[in-house]
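Colleague: I would like to learn how pockets and a single side chain are read in a model of this kind. Could we go through them in turn?

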Amino acid sequence: MNYRIKFAKLEDLMYISHLEVIKTLRRIIRRAELPAAFSQGYNPRINLAIGPPLAVGLISKGEYFDLELEEEMEPEKLLADLNAASPEHLKFLKAVAVPDDIRSLSSLVDTAIYTINFDYTEAKSLEAERKMLEEFMNQEEIMIIRHRRKKSDRKIDLKKRIFSAEITDKNKWKFAVVTGSRGNVRPEELNRALREKYPEIKEFSPLQVVREGVFVNDGEKFDPPYAEKFIGS
């Protein structure tokens, strides 16, 4: 039986890597004594597949992984067992039984939503912030230089990779951006592009960024990857 599980990775775990998150999930599953299915071969491992990586130094309220179990479990029991075996800052929020042939998270998820809490050299009104965002998004292109380890730098147009943007409250800017197999947009790149246009925006720290979650963009709204249209319920 397969389950799609939503979890939050919070402050105390913000500096662990994607690989370390996977190892932590496997340790929790063993500690919870779940009837997990294992891979075949010389070094069998718990069968799980995680969604798009979360950058080191960020927290998230909505990450996902798929888990295969040898026995069926009630989702509420599965969540309770996982949370009982988990460290405080890794919270399991939802579990949904899914069919064997469901599309993988890596092929389905294409959107990440970030909230960035900006600071300014001088206080801004909510109206002023909304005008700044409107001007920013009305540009024909938003070019930045992407710095890549062991590869040459390259120019990318963020405008093509931003699905939506809004001010949700004073100093809080929310961006829905591409992620997954189609590419990605890093919060620090959004900050850099905004600061080039508006020097009064201060450099931010990772604690000012929250990944609200990862989603599937259907052109009209952003669905969670456990929506009925994906699991066939």
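Modeller: We take the pockets and then one glutamate, bearing in mind that the model is predicted.

Colleague: How is empty space found, and what volume does the largest pocket have?

Modeller: Rolling a probe the size of a water molecule over the atoms shows where empty space is left. Here the largest pocket holds about 520 Å³ of space, and of the 26 residues lining it, Pro53, Leu54, Ala55, Tyr114 and Arg186 are the closest to its centre. Helix H5 (187-197) and strand E10 (209-217) are the elements that give two or more residues to this lining, whose residues divide into 13 nonpolar, ten polar and three charged.

Colleague: Which residues line the second largest pocket, and how do they divide into nonpolar, polar and charged?

Modeller: That pocket, with a volume of about 240 Å³, is lined by Arg146, His147, Arg148, Arg149, Lys151, Asn184 and Arg186; the lining has no nonpolar residues, two polar and five charged.

Colleague: Turning to Glu63, does this residue count as buried or exposed?

Modeller: Glu63, which is found in strand E3 (residues 59-68), counts as buried because its relative accessibility is 6%, and buried means under 20%.

Colleague: With which side chains does the side chain of Glu63 make polar contacts?

Modeller: One polar contact is with the side chain of Ser60, at 2.5 Å, and another is with the side chain of Arg211, at 2.7 Å. Leaving aside neighbours within four places in sequence, Glu63 is in contact with Ile5, Lys6, Phe7, Pro52, Leu54, Arg211 and Val214.

Technical notes: Residues are numbered from 1 along each chain as its sequence is written. This is a predicted model: local features need pLDDT of at least 70, side-chain atom pairs count only at pLDDT 80 or more; totals for chains, interfaces and linings use all residues. Side-chain values use heavy atoms; hydrogens and water are left out. On a 1 Å grid over the protein atoms alone, a cavity is a set of points where a 1.4 Å probe fits but cannot get out, and a pocket is an open set with protein on both sides within 12 Å along at least five of seven lines; lining residues have an atom within 4 Å of a point. Grid points are joined across faces, edges and corners, and a volume is the space filled by probe spheres set on the points. Helices (H or I, at least four residues) and strands (E, at least two) are DSSP runs, numbered from the N terminus. Ala, Val, Leu, Ile, Met, Phe, Trp, Tyr, Cys and Pro count as nonpolar, Asp, Glu, Lys and Arg as charged, and the others, Gly among them, as polar. Buried means under 20% relative accessible area, exposed over 50%, partly exposed in between (1.4 Å probe, protein chains only). A polar contact is a pair of N or O atoms within 3.5 Å; within protein, one must be able to donate a hydrogen and the other to accept it, and residues adjacent in sequence count only if both atoms are side-chain atoms. Contact means heavy atoms within 4.5 Å.
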